[in-house]
Amino acid sequence: MSLPADDISPFAARRRRVLDWMQAQGGGVAVIATAPQAMRNRDADYPYRHDSDFYYLTGFIEPEAWLVLIAGADPRAVLFCRARNEAHEIWEGLRVGPEAAAGRFGMDDAHPVDSLDELLPEWLLDQPSLWLSQTANEATCKRVQAWMQTARGLGRSGARPPSALRDINPLLADMRLVKDAAEIASMRRAARISAGAHARAMRHVRPGMREYEIEAELLHEFRRHGAQGVAYNSIVASGANACILHYQAGDAELRDGELVLIDAGCEYDSYASDITRTFPVNGRYSGAQRALYDLTAAAQEAAAAATAPGRSWDDGHQAAVRVLAQGMLDEKLLRGSLDGVLESGAYTRFYMHRTGHWLGLDVHDVGDYRAAAPAPGAARPWRTLEPGMMLTIEPGIYVRRADDVPARFWDIGIRIEDDALVTETGCELITRGVPVDAREIEALMRE
């Protein structure tokens, strides 16, 4: 059953902001669908997860729902959702139904979703623009084409369907980049739950366990504290598996003397968390492991120091790269000068990804990493950070076996990742409920 948040005012405020923006752009109708249900195999669906943009504007989590925003002299927000149906509710659970949905979700009106094809063509008449997501699935696009065709047939007394089809994604992406108080509260909760899950994994890990056993500990802690599920497929990678960036928990044995890398986060109230920690299976880092671990931690510290309002999105990455590259030289993983290694990109052999990404309703959240070009044909500068933005800070180092690599570093993969809220003066790492310092990790594991 879809329940509204404790306070539905943030959703109404976001809809009002979209309607005002549409009106400033000449008006029109915006249509936003939630995600379709997906079949896993015969008579079994994948766990349902609503569309993030749709939820951002509605707070509604049932499938088969649509939001229609009409900008004009009488701006309206209308929800289309499934009607109450006792036979279906016996199998699938209670539905809100359109009769109750308008009041509970702060809409101007609500209708059964079965009436969408009847009402939309008429609502499109004499509207200058139809606003849609340009990433809409094929079924949604076909339905929109049918509405436009029907609207053309309904034209009377000069009434016409919209002459322009416009993309609403850029607006919603920019809105979602800066989190409001309600979003930040949900993300803090997700961060606390996920940090507790990583701490639980550290306490439970023992040589001889399997990766999937550690994954089970994570899932237990997520659900025990009210998370709806995972924000993404959990990575539990032991030994050489940690050098595979998107490895998923398998059946590999956790061996004495190796590291295990866990990249896992829960989703709470539809908002993601994203944490990575790397720690020794036996509870103590070896000398080589500790050297690369401390290097990665220093790179994260440098990136966090460069994450502040007014700074470039790229500043944190460049700060981390500089620390990592110097460390690679110091440990004889690379040879040459720091400037030479940076200019040639030689460091990417051991650090091949960016230092972070946006975080929010999606684990890799929407939002452009670059600002608009200052002039036609000019290069687009990196986006400037603002208070309320949420991003990850996740440097790493991945050393595979190779003849030109010191053997003590073979098959060591390390990543450290935290979720950072940009504040008025810098950034706050909201996932530090699980330690990062190597000594603190070893102390926790002794518990």
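**A walk through the cavity, a pocket and the helix pairs**

Start inside: the largest cavity is lined by six nonpolar, seven polar and one charged residues. You're looking at a predicted model, so take the stops below as features of that prediction.

To find the spot, select Trp313, Gly316, His317, Thr355 and Leu391, the lining residues that lie nearest the cavity's centre. The full lining comes to 14 residues. Now colour helix H11 (313-330) and strand S15 (390-393), the elements that each give two or more residues to that lining. The volume of the largest cavity is about 110 Å³. How many cavities of 30 Å³ or more does the structure hold? Just one.

Next, hop over to the second largest pocket. Which residues lie nearest its centre? Pick His246, Asp263, His357, His364 and Glu394 and show them as sticks. Around them, the lining of this pocket runs to 22 residues in total. Sorted by class, that lining has nine nonpolar, seven polar and six charged residues. The pocket's volume is about 450 Å³.

Time to zoom out. Colour residues 8-176 as domain 1 and residues 178-445 as domain 2. Put a marker on the C-alpha centre of each domain, and the two markers will sit 37 Å apart. Where the domains touch, domain 1 puts in 11 residues and domain 2 puts in 15.

Now for some helix packing. Two packed helices are described by the angle between their axes and the distance between the axes. Select helix H8, residues 181-204, and keep it on screen, with helix H13, residues 438-446, as its partner. The axes of H8 and H13 come within 7 Å and cross at roughly 65 degrees. Is that crossing left-handed or right-handed? Turn the view and you'll find it's right-handed. For the side chains, show Ala199, Met202 and Arg203 on H8, which meet Ile441, Leu444 and Met445 on H13. Together the residues of this contact split into five nonpolar, no polar and one charged.

Leave H8 where it is and swap H13 for helix H9, residues 211-224. Here the helices pack at an angle of about 145 degrees, their axes 8 Å apart. H8 passes H9 in a right-handed crossing. On the H8 side, bring up Ile193, Ser194, Gly196, Ala197, His198, Arg200, Ala201 and His204. Opposite them on H9 are Ile214, Glu217, Leu218, His220, Glu221 and Phe222. By class, the residues of this H8 and H9 contact come out as six nonpolar, five polar and three charged.

Notes
Residues numbered from 1 in each chain as written. Predicted model: local features only at pLDDT ≥ 70, side-chain atom pairs only at ≥ 80, totals over all residues. Heavy atoms only, no water. 1 Å grid on protein atoms, 1.4 Å probe; cavity = no way out; pocket = protein on both sides within 12 Å on 5 of 7 lines; lining within 4 Å. Points joined across faces, edges and corners; volume = space filled by probe spheres on them. Nonpolar A, V, L, I, M, F, W, Y, C, P; charged D, E, K, R; others polar. Axes fitted to C-alpha atoms, helices over the stretch in contact; angles between N-to-C directions. Helix = DSSP H or I, 4+ residues; strand = E, 2+ residues; numbered from the N terminus. Left-handed = near helix turned anticlockwise from the far one by under 90°. Contact = heavy atoms within 4.5 Å. Domains from an automatic or database assignment.
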